[in-house]
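Please walk me through this structure, beginning with one loop position and working out to the sheet and the helices around it. Plain paragraphs will do.

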Amino acid sequence: PRKGGHDFRPSYLLLSELRKFFPYIPLAAFTATATLQVQDDIIRILGLKDPLLIRASFNRKELHYTVKPKSRVLDQITQAVKERPDAAGIVYRLSRKDVEKTADHLQAMGISALPYHAGMTKEQRSKNQEWFNQDRVDVIVATTAFGMGINKNNIRYVIHGDLPKSMEGYYQETGRAGR
């Protein structure tokens with residue numbers, strides 16, 4: 001990807017190799033939240049020639065957005081989670097420290113929550129994600145790396161405790177609810 005473009009996973013970049021091995025097989029790419037810049041990167045990286053493009057609005061009727069001023073963020077997050085008892089949700093925080101602090105706070109308030117960030121061991125991250133996927137815990141508190149490729153159909157809310165780094169990231173992160 002070009003500078004300023006989407007931060008593709010390294011394995012996604014290898015998809016361009018498919019054309020070498022299967023030159024006559026149709027190739028398609030699907031994404032829910034690509035910006036025009038990311039769309040151009042996908043077309044270029046995959047070597048798509050004159051592809052059929054179908055774009056829809058990012059505005060999905062099953063999603064409801066609420067924006068509030070940040071004030072006593074841990075209390076705000078706790079209140080929002082408690083308003084959705086027994087519902088699966090993701091709370092995004094920008095730093096590992098805030099992920100841990102928020103997960104600890106939610107646990108202290110009687111909410112089943114686990115952290116997820118790159119500073120944890122791979123085994124602990126896998127276990128926490130597995131427990132969330134299996135509904136053994138209601139809330140995962142995570143840095144933005146969490147959720148890429150997640151296939152969980154009962155996520156009912158996404159809370160951002162901090163402003164996302166980009167609008168594209170925001171759309172991708174909020175899109176993990178309402179699937």
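**From a loop into the sheet**

Thr-143 sits in the loop between E3 and strand E4 (155-160). The model is a predicted one. Is Thr-143 buried or exposed? Thr-143 has a relative accessible area of 12%, and because buried means under 20%, Thr-143 counts as buried. Which residues surround Thr-143, leaving aside its neighbours within four places in sequence? The contacts of Thr-143 are Tyr-92, Arg-93, Leu-94, Ser-95, Arg-96, Val-99, Tyr-116 and His-117. One of these residues, Tyr-92, leads back into the sheet, where the bridge partner of Tyr-92 in E3 is Ala-142.

The sheet can be taken as a whole before its strands are treated one by one. It is an open sheet of four strands, in the order E2-E3-E1-E4, and the pairing is parallel. E2 and E4 are the edge strands, each pairing on one side only. From one strand to the next, the twist averages 20°.

Strand E3 covers residues 139-142. Its side chains are divided between two directions: Val-139 and Val-141 point one way, Ile-140 and Ala-142 point the other way, and all are buried. This follows a general pattern, since in a regular strand the side chains alternate between the two faces of the sheet. On one side, E3 is joined by four bridges to strand E1 (residues 88-92), and the two run parallel. Along this pairing, Gly-89 has Val-139 as its bridge partner in E3, Val-91 stands opposite Val-141, and Tyr-92 is partnered with Ala-142. E3 is also joined to strand E2 (residues 113-116), again by four bridges and with the strands running parallel. In that pairing, Leu-114 stands opposite Ile-140 of E3.

How does the chain pass from E2 to E3? Helix H6 (residues 122-133) makes the link, and E2, H6 and E3 together form a right-handed β-α-β unit.

Strand E1 has E3 as one partner and E4 as another, with five bridges joining E1 to E4 in a parallel run. Tyr-92 takes part here too, standing opposite His-160 in E4. How many residues of E1 are buried? Five of the five are, so E1 is largely enclosed by the rest of the structure. The side chains of E1 are again split between two directions, with Ala-88, Ile-90 and Tyr-92 pointing one way and Gly-89 and Val-91 the other.

Two helices that lie across the sheet come next. Helix H4 lies across E1, E3 and E4, and runs at about 170° to E4. Helix H5 lies across E1, E2 and E3, and runs at about 170° to E2. Both helices therefore count as roughly antiparallel to the strand named with them, because angles over 145 degrees fall in that class.

H4 (residues 73-82) and H5 (residues 96-108) also meet each other: their axes come within 10 Å and cross at roughly 50°. That angle makes H4 oblique to H5. The crossing of the two helices is right-handed. H4 brings Leu-74, Asp-75, Ile-77, Thr-78 and Val-81 to the contact, and H5 brings Lys-101, Thr-102, His-105 and Leu-106. H5 also holds a link to the starting point, as residues 96-108 make up the helix and Arg-96 and Val-99 are among the contacts of Thr-143.

Earlier in the chain is helix H3 (residues 36-46), in which Val-38, Gln-39, Asp-41, Ile-42, Ile-43, Ile-45 and Leu-46 are buried. Leu-36 also belongs to H3, but at 52% relative accessibility Leu-36 counts as exposed. Leu-36 and Arg-55 are 19 residues apart in sequence, and 9.8 Å separates them in space, C-alpha to C-alpha. Just after H3, Gly-47 takes a positive phi of about 65°.

The loop between helix H2 (18-21) and H3 contains Ala-28. With a relative accessible area of 52%, Ala-28 is exposed. Ala-28 and Leu-52 are 9.2 Å apart in space, C-alpha to C-alpha, with their places 24 residues apart in sequence.

Methods. Residues are numbered from 1 along each chain as its sequence is written. This is a predicted model: local features need pLDDT of at least 70, side-chain atom pairs count only at pLDDT 80 or more; totals for chains, interfaces and linings use all residues. Side-chain values use heavy atoms; hydrogens and water are left out. Buried means under 20% relative accessible area, exposed over 50%, partly exposed in between (1.4 Å probe, protein chains only). Two strands pair if DSSP finds at least two bridges between them. A crossover is right-handed if, with the strands pointing away from the viewer, the path from the first strand over the helix to the second runs clockwise. Axes are lines fitted to C-alpha atoms, for helices over the stretch in contact, and angles run from 0 to 180 degrees between N-to-C directions. Angles under 35 degrees count as roughly parallel, over 145 as roughly antiparallel, 65 to 115 as roughly perpendicular and the rest as oblique. A crossing is left-handed if the near helix is turned anticlockwise from the far one by less than a right angle, and right-handed if clockwise. Contact means heavy atoms within 4.5 Å.
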